[in-house]
Amino acid sequence: YGVTVKDGKATEDATDGKLVPLPGDIVQFRDAKFAGARAGGGTYSMTAPHHTAVVAAASPDGKTLMVLHQNWAGKRTVGEATIKLNDLKEGWVRIYRPQPR
């Protein structure tokens, strides 16, 4: 599953059109820039030139992810972040599901 923004337009890639991220899925960000409204008011922006995270939880539609990641913003410990895929303005996000051997 993935979301790509090119020329200001977002496109989604899904194998069956119904794939929703699950806890344990791996999220890869490349040249990703997010911007949008905060739930409590105001706005936010975030960039992820090349970053990897793990899905801890996802909204039922799969558009909002709570991820765990480290080595972010100078912090070397594991932290949480909420990612709103609809707020992706540039770059791409790919979500990979580990498969058993």
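# A guided tour, starting at Val78

Begin by selecting Val78, which is exposed, with a relative accessible area of 56%. The coordinates on display are those of a predicted model. Val78 belongs to the loop between β5 (64-69) and β6. Extend the selection to Val54 and Leu68: together with Val78, these residues make a nonpolar surface patch of about 220 Å².

**The overall fold**

Next, switch to a cartoon representation of the whole protein. The secondary structure consists of seven strands and zero helices, so that the order of elements from the N terminus reads β-β-β-β-β-β-β under the DSSP assignment. Colouring by relative accessible area is a useful second view: of the 101 residues in the protein, 33% are buried, where buried stands for a relative accessible area under 20%.

**The largest pocket**

Now select Arg38, Ala39, Tyr44, Ser45, Met46, Ala81, Thr82 and Lys84, the residues that line the largest pocket. Two elements, β4 (43-58) and β6 (79-84), each give two or more residues to this lining. The space in the largest pocket comes to about 190 Å³. Which classes of residue form its lining? Four residues of the lining are nonpolar, two are polar and two are charged.

**The largest cavity**

Keep Met46 and Ala81 selected, since both also appear in the lining of the largest cavity. To complete that lining, add Phe29, Ala48, His51, Val67, His69, Trp72 and Ile83. The elements that contribute two or more residues here are β4, β5 and β6. Which element gives the largest share of the lining? That element is β4, with three residues. The lining divides into seven nonpolar residues, two polar residues and no charged residues. The largest cavity holds about 40 Å³ of space, and the count of cavities of 30 Å³ or more comes to one.

**The salt bridges**

Turn finally to the charged side chains. Side chains of opposite charge can pair when their charged atoms come close. How many salt bridges does a search of the whole structure find? The search finds two.

For one of them, select Asp25 and Arg97 and display their side chains; the closest N and O atoms of this salt bridge are 2.8 Å apart. Asp25 lies in the loop between β2 (9-13) and β3 (26-37), and Arg97 lies in the segment after β7 (88-96), so this pair ties together parts that are 72 residues apart in sequence. Is Asp25 buried or exposed? Asp25 counts as buried, because its relative accessibility is 3% and the limit for that class is under 20%. Its partner Arg97, at 33% relative accessibility, counts as partly exposed.

Then select Lys33 and Glu90, whose side chains meet in a salt bridge with an N to O distance of 3.7 Å. Lys33 is in strand β3 and Glu90 is in strand β7, so the pair ties together parts that are 57 residues apart in sequence. Lys33 has a relative accessibility of 37% and therefore counts as partly exposed. Glu90 is also assigned to the partly exposed class, at 41% relative accessibility.

To close the tour, return to the cartoon and show both pairs at once: Asp25 with Arg97, and Lys33 with Glu90.

Conventions
Residues numbered from 1 in each chain as written. Predicted model: local features only at pLDDT ≥ 70, side-chain atom pairs only at ≥ 80, totals over all residues. Heavy atoms only, no water. 1 Å grid on protein atoms, 1.4 Å probe; cavity = no way out; pocket = protein on both sides within 12 Å on 5 of 7 lines; lining within 4 Å. Points joined across faces, edges and corners; volume = space filled by probe spheres on them. Helix = DSSP H or I, 4+ residues; strand = E, 2+ residues; numbered from the N terminus. Nonpolar A, V, L, I, M, F, W, Y, C, P; charged D, E, K, R; others polar. Patch = residues over 30% accessible without salt bridge, like charges linked within 9 Å, V, L, I, M, F, W, Y side chains within 5 Å. Areas by Shrake-Rupley, 256 points an atom, 1.4 Å probe, with all protein chains shown as cover. Salt bridge = Lys/Arg side-chain N within 4 Å of Asp/Glu carboxyl O. Buried < 20%, exposed > 50% of the residue type's maximum accessible area, 1.4 Å probe, protein only.
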